[in-house]
Amino acid sequence: MDQRVLTKFSAVTEAIEAESNIAKRPAIFRRFLTAQAADQAWGILILEFKPYALRRPNSREKLTHLYNLIGTSSDRDFTELLFGPGLEKGQRTAAERRLAILGAIISAANLESHFRPKLLSPHQLQAVLDELCESLIRL
């Protein structure tokens, strides 16, 4: 799991770093996040692993370490990479909270789509997640 998460996140980090226009970077990340909904098996696996990790201190520690690695997977802090340098403390904290909740939203939406496939087909799920990401990935 660590390897897959870090590989995916490294790829999106590279794409974000390659974009010189900071205003366009959140859209790159939004497309990455909504694409994750297409991999329904992965979403369910992540959703299953989190409660498992909560019940096992070693697994919880590893998951926390993985989150920390994601935030610093490049030479730069991810929040700063995504939104640019010089964020005020309040802006940074708000952005980090919204980014943290996005993974949970994607996993939960993925799970719900299995129970309500007519309402949340893969295409519809991606459209809804795109809207949610659009509203949450901002300063």
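Start by selecting N110 and showing its neighbours: leaving aside residues up to four places away in sequence, N110 touches A37, D39, Q40, G43, I44 and L125 (contact means heavy atoms within 4.5 Å). This is a predicted model, where local features need pLDDT of at least 70, side-chain atom pairs count only at pLDDT 80 or more, and totals for chains, interfaces and linings use all residues. Residues are numbered from 1 along each chain as its sequence is written, and side-chain values use heavy atoms, with hydrogens and water left out.

N110 is buried, with a relative accessible area of 0% (buried is under 20%, exposed over 50%, partly exposed in between, with a 1.4 Å probe and protein chains only).

Next, colour helix α6 (residues 89–115), where N110 is found (helices are DSSP runs of H or I, at least four residues, numbered from the N terminus). Add helix α3 (residues 40–55), which packs with α6 at an angle of about 115°, the axes being 9 Å apart (axes are lines fitted to C-alpha atoms over the stretch in contact, and angles run from 0 to 180 degrees between N-to-C directions). Among the residues making this contact are Q40, G43 and I44 of α3 and N110 and L111 of α6.

Now move to the aromatic rings and select F9 in helix α1 (residues 2–18) and F29 in helix α2 (residues 25–36). Their ring centres are 6.3 Å apart and their planes at 85°, so the pair is edge-to-face (rings of Phe, Tyr and Trp, its six-membered ring, pair with centres within 6.5 Å; planes under 30 degrees apart are stacked, over 60 edge-to-face, the rest tilted). Both F9 and F29 are buried.

Finally, add F32 and F78: ring pairs link them with F9 and F29 into a cluster.

How values were computed
Helix = DSSP H or I, 4+ residues; strand = E, 2+ residues; numbered from the N terminus.
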